[in-house]
Each structure stands twice: as C-alpha cells, then as structure tokens.
Amino acid sequence: MMQIHRIARLVVADALLLVALGGTAHAQAPIKIGASVSTTGSFAALGQNQFRGYQLCVKHANEKGGLLGRKIELVTEDDKSDPATAVQIYERLITEKRVDAILGPYGSSGADAVAAVSEKHRMPMIAPLASTSAIYKKGRKYVFMVLSPAEAYLEGLLDVAAKRGLKTVAVIHEDTLFPNTAAAGTVEIAKRKGLTVVLNEAYPKGAADFAALLTRVRAANPDVLAAGTYFEDAVAITRQLKTLDINPRMFGLTVGADLPKFYETLGKSAEYVYGATQWDPSLLTLRAGGLIPVARQYPGAREFVEDYQKTFPGADLSYHSAAGYSGCELLHESIRRAGSLDGERVRAALVKLEMNTVFGPFRVDAGGFQVGHKALMIQWQDGKKAIVSPEELAADKPRVPTPEWSKRP
Amino acid sequence: MIARSAVLALLLLAAVADAAAAEAQPEHRVYRIGVLNEAWAANHPTVEGLKEGLRELGLVEGRDVAYEIRYTKGVPGATAAAAEELAKAGVDLIFTSNEPATLAAKSATQSIPIVFTLVGDPVATRVVDSLARPGGNLTGISSRATELAPKRLEVLKSLVTGLKRVWFIYHGSDSTDTAALASVREAASRFQIELIVREVNDLGALFIALKEVRRDDGVLAPVVDTFDIPAKILDVARGPGIFPSALWVENGAVISYGPDFRAQGVQSARLVAKILRGARPQDLPVEGADRIDLAVNLNTARQLALRVPPRILVRANVVQR
C-alpha cells in the first residue's frame, strides 16, 4: 500500500513538474512575426514609416496581453529597397529563423516578388503598402491587400479637372510596377471622363534629371500633369517644373506629395500640388458633409497618432505609418479569430474578415484584392494639406488653376 | 463765348448719352447670399445643393452669386452672433439650414429675405405664420419633422425585433423636436414602446443620458446639430439610433428616415432665385421637402447583430454595403 502511494505521489509530482515546465516554456516563447523593411535605399523614407507602424502595433499588442496568451516579437531585416533581397530575407525568416507569421515588405515590386515565397510556404502575407492590383489577380491564395488600388490613385485629380472643364492630360511615370500601373489606370480614367491624353512617358528608376522629359511635356501643353512617382522623383520633378517655368493648370503626384516632408523640402514650391493619399491625420477631425465625424471609421486612430508622436518624436508620420500599423492589426485579429498560427486557418480568417482599423475599412475579395478602402486626394494650400476629393470629405475647395510660377508670391 | 457754349453743349450731350447708356445696359450684379448653419465646415449638403440648384437656374458662383458662409459647429451662442454679422453685412439674402440658425436669422433681421431648409415644423416653431402665407421675411423648405418623427419610431421598431425602450434625446433649445414630442409619445404608446425623453442642456447631462442607453434600447436622434448631439449618439450610445438623413447612414449609422439634405438645398434654389429677382418671401408658400429617403447600412447592422427585415430592405432607396 505504502509503495503504491509513494509511486502515485511521484507520478503526480512528475506530472506537476512536467506541466509546470511545459506551461512556463510555452507561455514564454514569443510569437515571432517576420518582415523585411526598407530602411535604406530608394524606399527608405516611406519604408521607415511603415516599419514604425509595425513596431508600434506590436508594442500596443504586447501592452494589451499579446496574442494567444504569448508576447509578440518582431523579427526584421533591411531589404535595402531591393525586391530580390526581400525574397532572400523572407526565405531565411521562414526556413531558418522559423517565424510563426509574416508581414509584407514595402511597395508593389517587393510584395509581388515576395508573394512567391509566401505562396510556397502557404503563409498568409498582408502587404500593407502594395497597391498594384495585378499582384492580387494572379490566382494567389496567400497575399492580402490593404490599400486602395494604384489604378485609382489619381481619380480625384481627374475628377476635379473634368468638373472644371479642363481638357488635356500628360502622364509621366517611373518605369516600375506601381507607377506603371498607376499611369495605366490614370489613362483609363482620363478616357472615361472625356479628357484627352496628350503624352504618356516613362522614365527609368533612379532618374534625377527630368529636363528633357519636362520639355516634351511643355511642348504638349497639357491642362493637367499627372505623375506616377515615389518621393525622390516627386521632389525633383516639382523643382524642375519651377526652374524650367512649366505651368500645367493642375499638377498631381501619386506618392510623395502627401508627406509633410514634401513641403518641408520644397517650401512654397509645394503649394497647389495635388497628391494622392490613402489616409491623413486630419481624418480624425473631418466631417462628411461638414456634419458627420468620419473618425469612427478609423477606430484607435487618435491613440495611434498620439502614441506614434510620443514613441518616435520628430519622426515622419504618413499613411504608410498607419497602413503598416493596420497590417499588423489585421494579422493580429485574424490569428486571434483563427485561434491558431496555422497558415490555412489564418488565411481563411483573413478572407472573411471585415474590419475597421486605424487605417479605415478592410474587406477583400476571394483573391485578397481590397474592396473596402477608399483613397483621397489632397492639395497643398497655405502650407497645409486640404482634402479636395472625394467631394463629401472636401471641406476645402481645390484651388484651380495653379498660378504660373512667375505670378506666385 | 461760342467755344464755351460749345463745350457746355458737348458736356450736356455726354451726360445724356451716359444716362442713356446706363439705362440700356442693366448693371451686372453679383448677388450676395449669406449662409448660416451649425455645421463644422462650409460644405454642408444643403449648401452644396443650393449651389447646384442655382447653377441650373443660371446663377453661377463667382459670376452671378457670391456666398458668405458662416458655420458655427453646434455652439449655441455662436449662431446668433453670426446671424447679426450677416445682417449687418447687408447681404441680399440669408440661406439657413436647421431651426436654430433660422430663428437666429429671423431675430437678426426683419427685412433681409431668409430662405430656410431643414426646419422641421416652421409653424409650430414660429418661423412662419402659416405654410401657405408665411408673412414676414422668411420662406423655405420644411423637412416635415413633426410628421416624420413618429414614422422614424415605426421604422426603428421594424428594424429591431422586440424593441421595448426608445430614448429621445435633444437640446432644450430645440423647438423642432419639442414640437414633435406629442406625436412621438402617441406613436410610442400605440407601439407599446417605453419612450424615455431626455431634454439636455449641457454636456454632462448629455453623457449621463447616453451612458444609460442599453444595447437593446433604440435612440431617436434629434434633427438639430446643436451640441453635436446626433454625432455623439452615433459614437457613444450602445443601442441602434435612427437618424434624419441618409448622410448619416453613409457614415456609419445603421438606419435613417427623412428628407435628403442636398435635395432640400436644390429644391430651395427656386425660391432663392425668385427672391433675388424681386419676389417677396411672404408671397412664396413654404414647400414640404419632396424627397424622403429610407437608408440602411448593412455593415453596421451586421456589427450590431441586427437582421434587417425584408420589408425594410425592399423599401430602402439607399443601401450601404
């Protein structure tokens, strides 16, 4: 009898020990989320904003108890704004570092390249800053879009132009995936709105001198100049429009013009420039029709902005920050709903997910293409960004036409 | 001597010619329209509608009409001050949206013509003497709130099965909603719904009321923006609210029943144009808003776990997915 008791006690003690050890180890192992981030290279300005969004979201999630009872650890490497490097990084993160989940890299070319890796390993990839529709229309199952599509970036610009009776559009763009897509979409929209496209030209990535191209633009004499750009080229083109004294009645950019840094860099030369944006801090106080606060469509956005400024004092805050944060929010919520890190389950949760994040509405079709989110158009007016499209959010009117360079104060 | 007479004669001729010219070509006037409302920006939908309606009638902004817009963000004292300002500025006409702005304009001037929109019950709130003969210097579009408030209650009851309690929260100065109270009470009794009426005059009272709203309660949002009450109901109340226009549903409210705001602006343009061209407001009957929308937001319904019954879906002319 005594022996049985003793054995029983040992067994119980062993079992307890096992549970204690196993339980502690299990609770302490963090969930690893891997990503490549563009902290250097041509995407650095915006890539860093996205990275800060990821970091802040993980920080907040951990403050609120983590995910599935575990802390979250962000595991990242710099892809130097190079898609091929990003591919290698994700391969390493998944196979060597054994991350439990991933978040996408900056940009369309990066996401398109990395999608091959996420499809292979059947690991859902939310690509918060990849707006090119084609990425999500190749029959892929594991890639998810957050932004409004590239094709529609400049719709607001052309909408205002058509309403003001302008007639001609010139389109210039960097010769890479996203700007090419945005340009093609712009041409489509121009036709739909009865505007004539008088020029449509690409320039190589990394181009710094646009004099020859802009001289051809001047010769075409467009009412509207629409440019598919990133940040550096956006700045350079704006500067050269001034030096060459080229005066389209409206000038709009796909990326870059909506950054505070754009005005900081260009000063008054940034006035009247239009920029596409996917989100803006002013949405927190804006009212649709001057009446209804839109902030509720962006839950947590206020806290996001405040904490971003506290955690990263002086750092640039743009929609890229909010989109990054939102991508992480969405991954978190889909893992939570799936109750598991299993790729298939998380994928299934994402496809069904309908959610408002700090970035706004999220809803995708079966291929992961974004159908919920809406893009906006801003114009720099007196040093501030005014939302001029869509009309119901446009508390300020667009200033059309842009006065000639020589006639500006 | 001869030279001087000649000069005098020439001067006389010139003067006559001038006078003749002045008579032959009417001076091109740019009409100044003062705009007064309690919105948070210049693009209130009734104002956008007015501009569109006037454009269609040949009165184009910049060329024929200039708008001097004052929006007071639901701050009670600011509206009266803005009304005085517009009256002093000597505008040709004042265009108002909602009853506090209209009454403020009426106080500020008895001579400048006023055209109103979004006034729920122009007679009960003493904006006009009668709908057919407004008297005074005001006419406009009635948003028919007294008539529609009980219908809103009915629509809310259709949406929420087993609805037992409905809150009716409004600002004390809001005579439109006060005027509707009797018909709302009557409807509530008919539908066997407990109606909780809360007239609030400060933010503290407003938030106390809002916090008491339970998840399975309904809320009748007021038609007036004073104190931002409708927006706060949308934000804070746990139970579903019914709002006066589709604009709310497009921005997150689950359901609305009432006249479209922009359409009232467009409708009012005819009255405004007539008055600018010489008609007197007292001779122009008040019109009832001609377009009533039933709008429903299926996303919000899903989030509130509300099943939208087919009879609402079938009647709804605005459906937000």
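Begin by colouring chain A of this predicted model by its two domains: domain 1 covers 30-148 + 297-362, and domain 2 covers 151-277 + 375-407. If you place a marker at the C-alpha centre of domain 1 of chain A and another at that of domain 2 of chain A, the two markers will lie 29 Å apart. Select next the contact between these domains, to which domain 1 of chain A contributes 15 residues and domain 2 of chain A contributes 15 residues. On the side of domain 1 of chain A that touches domain 2 of chain A, the elements to highlight are α2 (44-63) and α4 (108-120), each of which supplies at least two residues. Of the elements there, α4(A) gives the most, with three residues. Colouring this side of domain 1 of chain A by residue class should show four nonpolar, nine polar and two charged residues.

**Chain A as a whole**

Zoom out until chain A fills the window, and switch to a cartoon view, in which twelve helices and 16 strands can be followed. Along the principal axes, the C-alpha atoms of chain A fill a box of roughly 105 × 45 × 35 Å. The radius of gyration of chain A is 24 Å, which agrees with the value near 22 Å that a compact globule of 409 residues would have.

**Helices α2, α11 and α12 of chain A**

Keep α2(A) selected and add helix α11 (residues 319-338) of chain A, which packs against α2(A) at an angle of about 40°, with the two axes 7 Å apart. That angle makes α2(A) oblique to α11(A), and the crossing of the two helices is right-handed. To see the contact itself, show the side chains of α2(A) that take part, among them Leu46(A), Phe51(A), Tyr54(A), Leu56(A) and Val58(A), together with those of α11(A), including His320(A), Tyr325(A), Cys328(A), Glu329(A) and His332(A). By class, the residues of this contact of α2(A) with α11(A) divide into eleven nonpolar, seven polar and two charged.

Now follow α11(A) to its partner α12 (residues 343-352) of chain A, where the axes of the two helices come within 8 Å and cross at roughly 115°. α11(A) and α12(A) are therefore roughly perpendicular to each other, and α11(A) passes α12(A) in a right-handed crossing. The residues to select are Ser334(A), Ile335(A), Arg337(A) and Ala338(A) in α11(A), which meet Arg345(A), Val346(A), Ala349(A) and Leu350(A) in α12(A). This contact of α11(A) with α12(A) is made up of five nonpolar residues, one polar and two charged.

**Backbone details in chain A**

Most residues other than glycine have a negative phi, and most peptide bonds are trans. Against that background, three places in chain A are worth a stop. Centre the view on Arg122(A), a residue other than glycine whose phi is positive, near 55°; Arg122(A) sits in the loop between α4 and β4 (125-127) of chain A. Move on to the peptide bond from Ser389(A) to Pro390(A), which is cis, with omega near 0°, and note that Pro390(A) lies in the segment after β16 (384-389) of chain A. A cis peptide bond also joins Val400(A) and Pro401(A), with omega about -5°, and Pro401(A) is likewise found in the segment after β16 of chain A.

**Crossing to chain B**

Select the contact between the chains, in which 17 residues of chain B meet twelve residues of chain A. On the side of chain B that touches chain A, the elements giving two or more residues are α8 (229-236) and α9 (246-249) of chain B, and α8(B) gives the most, with three residues. Coloured by class, this side of chain B has ten nonpolar, four polar and three charged residues.

**The domains of chain B**

Finish by colouring chain B by domain, with domain 1 at 31-143 + 260-291 and domain 2 at 145-259 + 293-320. The centres of domain 1 of chain B and domain 2 of chain B, taken over C-alpha atoms, are separated by 26 Å. Between them, 21 residues of domain 1 of chain B are in contact with 19 residues of domain 2 of chain B. On the side of domain 1 of chain B that touches domain 2 of chain B, highlight α4 (99-108), β4 (114-119) and α10 (261-276) of chain B, each of which supplies at least two residues. Here α10(B) gives the most, with three residues, and by class this side of domain 1 of chain B has ten nonpolar, six polar and five charged residues.

Conventions: Residues are numbered from 1 along each chain as its sequence is written. Chains are lettered from A and ligands numbered from 1 in the order in which they are written. This is a predicted model: local features need pLDDT of at least 70, side-chain atom pairs count only at pLDDT 80 or more; totals for chains, interfaces and linings use all residues. Domain bounds come from an automatic or database domain assignment. Two residues are in contact if their C-beta atoms, placed from the backbone, lie within 7 Å. Helices (H or I, at least four residues) and strands (E, at least two) are DSSP runs, numbered from the N terminus. Ala, Val, Leu, Ile, Met, Phe, Trp, Tyr, Cys and Pro count as nonpolar, Asp, Glu, Lys and Arg as charged, and the others, Gly among them, as polar. Axes are lines fitted to C-alpha atoms, for helices over the stretch in contact, and angles run from 0 to 180 degrees between N-to-C directions. Angles under 35 degrees count as roughly parallel, over 145 as roughly antiparallel, 65 to 115 as roughly perpendicular and the rest as oblique. A crossing is left-handed if the near helix is turned anticlockwise from the far one by less than a right angle, and right-handed if clockwise. The radius of gyration is taken over C-alpha atoms; the globule rule is 2.2 Å times the number of residues to the power 0.38.
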